[in-house]
Amino acid sequence: MTSANSESPLEQPYRTAFHFQPPKNWMNDPNAPMYYNGVYHLFYQHNPNGPLFTVQMHWAHSVSLDLINWTHLDLALAPIHPFDINGCWSGSATILPENKPIILYTGIDSNNCQVQNLAVPKDPSDPYLHEWIKHTNNPVINLPNGILHDEFRDPSTAWLAHDGKWRIIVGSQKDKTGIAFLYHSTDLVNWSKHETPLYEVAGSGIWECVDFFPVLVDGKNGVDTSVVNMNGGVKHVLKVGMYDNVRDYYMIGDYDSVKEQYVAQNELTVDTLRLDYGKYYASKSFYDPVKNRRILMAWVNESDSEADVIAKGWSGVQSLPRSVWLDRNQKQLVQWPVEEIEMLHENEVGFQNKDLEGGSLVEIEGITAWQADATISFKLTNLEEAEELDPSGIDPQVLCSDMNASKKGKFGPFGLLALASHDLTEQTAIFFRVFQNNGKYTVVMCSDQSRSSTRNGIDKTTYGAFVDIDPQQEEISLRTLIDHSIVESFGGGGKTCITARVYPTLAIGEQAKLFAFNYGTESVVISDLKAWSVKKAQINIQETVICKDQ
Ligand code: DQQ
């Protein structure tokens, strides 16, 4: 294998076509995504010197006019000052009311202590904000008493509350209790720790990349992070990255900035709500004022070995940016790929109302199946025939591994076989199973990577989660974005998301195929199928190519 720079699909079959990644080397967390003066900015944790993680993180920087095509800029932050000499770690952007962006980030200082730093653009009139100046008062927040030197990081976007004071949260832990420390400031330079954290959960371990944002109670639009009180019109999401299991969990609740209290309506346990039930971590959201929406991005790590990463010369992709809003049931979030992906669609194919008998499959032809966007909806009748299963105490991920895509049920497995070789030796199966219990139905969504590659030494964990829909009332829908080595799936209209990394050896380029399948014994009806080839995005093109009037 040659380095990522050569970009030949045969030499670099796992480089993505429309998911963001750097030209080469290591990338992890998205940092400080924001919209400023007509341009979207994405910074990210980057090792500019190699494809593996190092504590000596830099902030790399790319800009976009549409969240799909990106221009690569010079590094924005490098670890060269006493307050970040051992690493510029994750952080967030805030756009101040006078339309000035700032960044707060974690520095690993010369004592290897995690502290929080402030940076501002050198020239706010520069459309791309190339250069960033670190504040002379850095660090602006020191390690709290009683907290270990390496357990205090990732400041959130700041929000401005009723009293004219800014607030941020910072992730930490004490004796295994995960903590979101709360800080107040009037000038974003001088910060004081509030006497109580915004939230803490015993036993959850250190929290990383905390995110705290409002969502409309009614509607899909986003709201600015500083909207804290709309007379009950918003709820607040607290998202925490749990370092111990590398998963992003969230709670929905009510935030009162006067009482400085967050009351969550769901508990945070390993069984509760996750943004994505596959590989998806360190996510960060921002409010996009142009399209009045909240956008979410996350790091999707590799599943191959360190030796593979060294051979490829790069590691890590970003999820496709997703719009995120509160479901009508007010109990969970809904996520959906940003509409801009449609500019890359071509070769639309589809059909309606096709019976898919038990044990059958149908190829979705006419698209480039290794670079595709597919949506499919299933209608089920005879639901009284569904197998019995009491969902209480069931871990859907375990259920999906035990009952993988090759295990015949009654309703299910049915779904898509992505990145499949012609003889199906290789396939990534994204599918549903439906069960009943005392007149209620349970829908389980699985992403089965066990046959995704003929190669060994790859993490092929099967993922699974419940989808909170009633198949008597609504069809079961699936949308899957397929991009060489990433399969990003949205079940139930975006209520359940599962992202996987896969490394096919046969299902590469024109050899890759896409099928709809039903290996259950009961028939299902494909009420609607649409699929597109997805053209290659311009990712990390040279700076001169992008300009605002294009
Ligand atoms: N990655 C960063 C940290 C953060 C972690 C270091 C999450 O700031 O806690 O690269 O993946």
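1. Start with a pair of residues you can click on straight away: Phe213 and Val237, where Val237 in strand S16 is the bridge partner of Phe213. They belong to the pairing of S15 with strand S16 (residues 234-242), two strands that run antiparallel and are joined by eight bridges. Please keep in mind as you look around that this is a predicted model.

2. Now widen the view to the sheet around that pair. Four strands make up this open sheet, in the order S15-S16-S17-S18, with antiparallel pairing. At its edges sit strand S15 (207-216) and strand S18 (261-264), each of which pairs on one side only. From one strand to the next, the twist averages 35°.

3. While you are at this sheet, have a look at Val246, which lies in the loop between S16 and strand S17 (247-256). Its phi is near 50°, a positive value in a residue other than glycine. Most residues other than glycine have a negative phi, so this spot is worth a glance.

4. A second open sheet has six strands, ordered S21-S1-S2-S3-S4-S38, and here the pairing is mixed. The edge strands are strand S21 (314-315) and strand S38 (539-541), each pairing on one side only. Inside the order, strand S2 (residues 39-47) and strand S3 (residues 58-64) pair in the antiparallel sense over seven bridges. To find this pairing on screen, pick Tyr40, whose bridge partner in S3 is Ser64.

5. Next comes the ligand. Which residues are around the ligand? They are Asn28, Asp29, Gln45, Phe53, Met57, Trp89, Ser90, Arg153, Asp154, Glu208, Tyr281 and Trp299. You will recognise some of the strands here: Gln45 falls within the 39-47 range of strand S2, and Glu208 within the 207-216 range of strand S15.

6. Three side chains from that group can be followed atom by atom. In Asp154, a side-chain N or O atom is 2.5 Å from an oxygen atom of the ligand. For Gln45, the distance between a side-chain N or O atom and an oxygen atom of the ligand is 2.7 Å. Asn28 has a polar side-chain atom lying 3.0 Å from an oxygen atom of the ligand.

7. What about enclosed space? There are three cavities of 30 Å³ or more, and the largest cavity has a volume of about 50 Å³. Its lining consists of Phe18, His19, Phe20, Leu67, Ile68, Trp70, Met297, Ser319, Leu320 and Pro321. By class, that lining has eight nonpolar residues, two polar and no charged ones.

8. Finally, two peptide bonds deserve a look, since most peptide bonds are trans. A cis bond joins Asn138 and Pro139, with omega about 0°; Pro139 sits in the loop between strand S8 (132-134) and strand S9 (152-153). The bond from Gly412 to Pro413 is also cis, with omega near 5°. Pro413 is found in the loop between helix H2 (396-402) and strand S29 (414-420).

Methods: Residues numbered from 1 in each chain as written. Predicted model: local features only at pLDDT ≥ 70, side-chain atom pairs only at ≥ 80, totals over all residues. Heavy atoms only, no water. 1 Å grid on protein atoms, 1.4 Å probe; cavity = no way out; pocket = protein on both sides within 12 Å on 5 of 7 lines; lining within 4 Å. Points joined across faces, edges and corners; volume = space filled by probe spheres on them. Nonpolar A, V, L, I, M, F, W, Y, C, P; charged D, E, K, R; others polar. Pairing = 2+ DSSP bridges. Axes fitted to C-alpha atoms, helices over the stretch in contact; angles between N-to-C directions. Near = heavy atom within 4 Å. Polar contact = N/O pair within 3.5 Å; in protein donor to acceptor, adjacent residues only side chain to side chain.
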